[in-house]
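Trainee: Could you take me through one part of this model in detail, and then set that part in the context of the whole fold?

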Amino acid sequence: MSGSWKQRREGGGLFALWLLRSFSLRGGRGLARLLLVPITAYFLARRGEERRDSRAYLSRVLGRPARLRDVARHIHTFAATILDRVFLLGGDMQRFDIRVSGLESLHAALDRGQGVLVFGSHLGSFEVLRVLGRQRPEQKIRVVLDKAHSPAVTQLLDALNPEIAASVIDASQDGPAIMFAIQQAAAEGALVALLVDRTQPGEASLAVPFLGDHAEFPVAPWLLASVLQVPVQLAFGLYRGGNRYDLAFEPFSDGLAIPRRERAAAVPALIARYAARLEHHVRDAPYNWFNFYDFWGDREHSRSHQDPAPGATTPGPAPAPQPGPAAGDAAGGGAPVRRAAGSG
């Protein structure tokens, strides 16, 4: 099941993230990018589970057996966005060529003053959402992040940008506390961002078509949206190589006013609609998919494409970035809002 991501260690790891931070801040992005090659080689040689799941996913999305160089490109893309996180969270936006689409609908939603839910995913970089500060410097942005599951990311964020760190809504709180924090942020007109593609172990989820098969997606984000009845926007920050990103906002709803008795029928359609938009962007940028685990719960599919890595037969620990939660990640479990983020 897709909840198996929770068993993987935190993305990046404290040592690796601070190593990237040190190289980046002292030598610049160009020098730090030299680390991407050994990081990629490390994953290919030592991280068997991630390598196999990458190969299985790529075989699915590319429509052909994935080759080792495809997996290498996949891992390299992930590592590049981890590196860029240092600059994006530090507010160093001028280094990047970020093309933004869909701002008109987002501005219209924000201008209503009732807050906006922005649903993202582990596709590309959620951190590029910070570019919105160029357009609306006064706009409050609150990101839902599971601090307990992401201590390295939390420490990095505290060091790079204490102001952003202070605005994080901690998803490791109990459900009512998270619900109150999100509701209060929305009432203040904030943009509340959370990732909604990963389920939590034991949480409510629904299987909908996604990339040729059925995959589980969390129910709680859509229940949250129906309770708050604020506009919902989708966001996709796709890495295009070099210093280029495409950030696409898509209006999803002006407010989900779903009577309680109708939610059981309405929520599956909402999740299927979301999954269709996610699939569209995944196919547009297949190497941006950073769910390095068995997303479809189809381990046999992954095994059928596994291969022994050069010079290694078993995975082992190391301080290289681990594919996993991003800075915008949030966790579920418990009350509807606690489950709403669906990532960690």
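Mentor: What follows is a close look at the open sheet, one of its strands, and then the pocket and the overall fold.

This is a predicted model, in which local features need pLDDT of at least 70 and side-chain atom pairs count only at pLDDT 80 or more, while totals for chains, interfaces and linings use all residues. Residues are numbered from 1 along each chain as its sequence is written, and side-chain values use heavy atoms, with hydrogens and water left out.

The open sheet has 7 strands in the order β1-β9-β8-β2-β5-β3-β4, with mixed pairing; strands here are DSSP runs of E of at least two residues, helices are runs of H or I of at least four, and both are numbered from the N terminus, while two strands pair if DSSP finds at least two bridges between them. Because β1 (97-101) and β4 (169-170) each have a single partner strand, they stand at the edges, and one side of each is left without a neighbour in the sheet. Strands β3 (residues 141-145) and β5 (residues 191-195) run parallel and are joined by 3 bridges, and Ile141 has Leu191 of β5 as its bridge partner.

Within strand β8 (residues 232-241) lies Gln233, which counts as buried because its relative accessibility is 2% (buried means under 20% relative accessible area, exposed over 50%, and partly exposed in between, with a 1.4 Å probe and protein chains only). Leaving aside residues up to four places away in sequence, Gln233 touches, among others, Ser105, Leu106, Val118, Phe119, Phe249 and Pro251, a contact meaning heavy atoms within 4.5 Å.

Helix α10 (residues 220-228) is also mostly covered, with 7 of its 9 residues buried, including Trp222, Leu224 and Leu228. The helix is followed by Gln229, whose phi is positive, near 55°.

Ile141 appears again at the largest pocket, where it is one of the residues that lie nearest the centre, together with Arg130, Gln139, Glu163 and Ile164. Of the 14 residues that line this pocket, helix α8 (residues 162-167) gives the most, with 3 residues.

Taken as a whole, the protein has 13 helices and 9 strands, and 60% of its 344 residues count as buried. Among its contacts with a separation of 6 or more, 79% are between residues 24 or more positions apart.

How values were computed
1 Å grid on protein atoms, 1.4 Å probe; cavity = no way out; pocket = protein on both sides within 12 Å on 5 of 7 lines; lining within 4 Å.
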